[in-house]
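Got the viewer open? Let's take a walk through this one together, stop by stop.

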Amino acid sequence: MKYSDERQEAILKKLLPPHNRTVAEVAQEEGISAATLYNWRKKARQAGRLLPDQSDDPEGWSSQDKFHAVLETAALSEAERAEYCRQRGLYPEQIQRWRASCEGANDRSDAASKQVSEARKAERQENKALKRELRRKEAALAETAALLALRKKARAIWGDEDE
């Protein structure tokens with residue numbers, strides 16, 4: 001069944017704050033399958049709209065949804081940002097925290113990649129040292145085996161004086 005764009009928008013608005021209805025609730029109320037609603041929400045997200053997963057607490061939003069909220073509010077004035085927050089059940093402080101988190105994301109990834117590279121370097125050094133030790137021990141073991149074999153041959157040639 002084909003639904004008009006206006007009907008789809010009206011139904012999708014029920015998923016947004018301040019209503020914050022679940023997909024299952026809206027599907028049952030409207031008589032539309034939940035899969036259709038998930039599909040509409042997915043298409044709206046791909047078009048750049050902010051449609052967070054069902055969560056009573058905006059802190060439970062996905063990082064992608066938080067990022068979209070930061071993008072949408074970046075160019076807004078203080079009054080416009082406050083209106084935006086009221087419509088979506090947010091606090092301006094949350095948007096500020098999310099923005100700071102987004103701005104610092106590259107710093108954290110740089111630090112994390114530096115830690116990973118340092119850990120790899122340490123593992124390579126340890127691996128090299130263990131291989132060197134293994135070669136030394138294998139050589140000592142081979143030497144010991146050779147000496148035991150020579151001792152056995154010498155006893156066979158000269159006879160056992162110990163036993």
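Which residues make up the largest nonpolar core? Select Tyr3, Ile11, Leu12, Leu15, Val23, Val26, Ala27, Ile32, Leu37, Trp40 and Ala44, and you have it: eleven residues in all. Keep in mind as you look that this is a predicted model. Now colour α1 (5-13), α2 (23-30) and α3 (34-46), the elements that each give two or more residues to this core. Apart from this core lies another, made of eight residues, including Trp61, Tyr84, Leu90 and Trp98. As a rule of thumb, nonpolar side chains in soluble globular proteins tend to be buried together.

**Zoom out for a moment**

Show the whole chain as a cartoon. You should find six helices and zero strands, so to speak a plain α-α-α-α-α-α when read along the sequence. The protein has 163 residues, and 23% of them count as buried. Switch on a surface and you are looking at about 12,200 Å² of exposed area, with carbon and sulfur atoms supplying 53% of it. As for contacts between residues at least 6 apart in sequence, 43% join residues at least 24 apart.

**Stop one: Tyr3 and Trp40**

Go back to the core and select Tyr3. Leaving aside residues up to four places away in sequence, Tyr3 touches Gln8, Ile32 and Trp40. Add Trp40 to the selection: both Tyr3 and Trp40 are buried. How many aromatic pairs does the count come to? One aromatic pair, and you have just selected it: Tyr3 and Trp40 sit edge-to-face, 5.3 Å centre to centre, with 80° between the planes. Tyr3 belongs to the segment before α1 while Trp40 is in helix α3, so the pair ties together parts that are 37 residues apart in sequence.

**Stop two: down the barrel of α1**

Next, pick out Gln8, Ile11 and Leu12, the buried residues of α1. Turn the view until you look down the axis of α1: these buried residues fall within an arc of 100°, so they line one face of the helix. The reason for such a pattern is general: an α-helix has 3.6 residues a turn, so residues three or four places apart point the same way. What do the buried residues of α1 pack against? Show α2 and α3 to see their partners.

**Stop three: the two sides of α2**

Move along to α2 and select Val23, Val26, Ala27 and Glu30, which are buried. They cover an arc of only 100° around the axis, which puts them on the same side of α2. Now spin the helix: on the other side of α2, Ala24 and Gln28 are exposed. The buried residues of α2 pack against α1 and α3. Before you leave, click on Gly31, just after α2, where the backbone takes a positive phi of about 75°.

**Stop four: Glu83 on α5**

Jump further along the chain to helix α5 (residues 78-88), where you will find Glu83. Buried, exposed or partly exposed: which is Glu83? Its relative accessibility is 34%, so Glu83 counts as partly exposed. Show side chains here and look for Arg86: the side chains of Glu83 and Arg86 make a polar contact (2.9 Å).

**Last stop: Gln94 on α6**

Finish in helix α6 (residues 92-158), the place of Gln94. Gln94 is buried, with a relative accessible area of 6%. Where does its side chain reach? Draw a distance from the backbone nitrogen of Tyr91 to a polar atom of the Gln94 side chain, and the viewer should give you 2.9 Å.

Definitions and conventions: Residues are numbered from 1 along each chain as its sequence is written. This is a predicted model: local features need pLDDT of at least 70, side-chain atom pairs count only at pLDDT 80 or more; totals for chains, interfaces and linings use all residues. Side-chain values use heavy atoms; hydrogens and water are left out. A nonpolar core is a set of buried Ala, Val, Leu, Ile, Met, Phe, Trp, Tyr and Cys residues joined through side-chain atoms within 4.5 Å. Buried means under 20% relative accessible area, exposed over 50%, partly exposed in between (1.4 Å probe, protein chains only). Helices (H or I, at least four residues) and strands (E, at least two) are DSSP runs, numbered from the N terminus. Contact means heavy atoms within 4.5 Å. The arc is that of the directions from the helix axis to the C-beta atoms. Accessible areas come from the Shrake-Rupley method with a 1.4 Å probe; for residues, only the protein chains shown count as cover. Rings of Phe, Tyr and Trp (its six-membered ring) pair if their centres lie within 6.5 Å; planes under 30 degrees apart count as stacked, over 60 as edge-to-face and the rest as tilted. A polar contact is a pair of N or O atoms within 3.5 Å; within protein, one must be able to donate a hydrogen and the other to accept it, and residues adjacent in sequence count only if both atoms are side-chain atoms.
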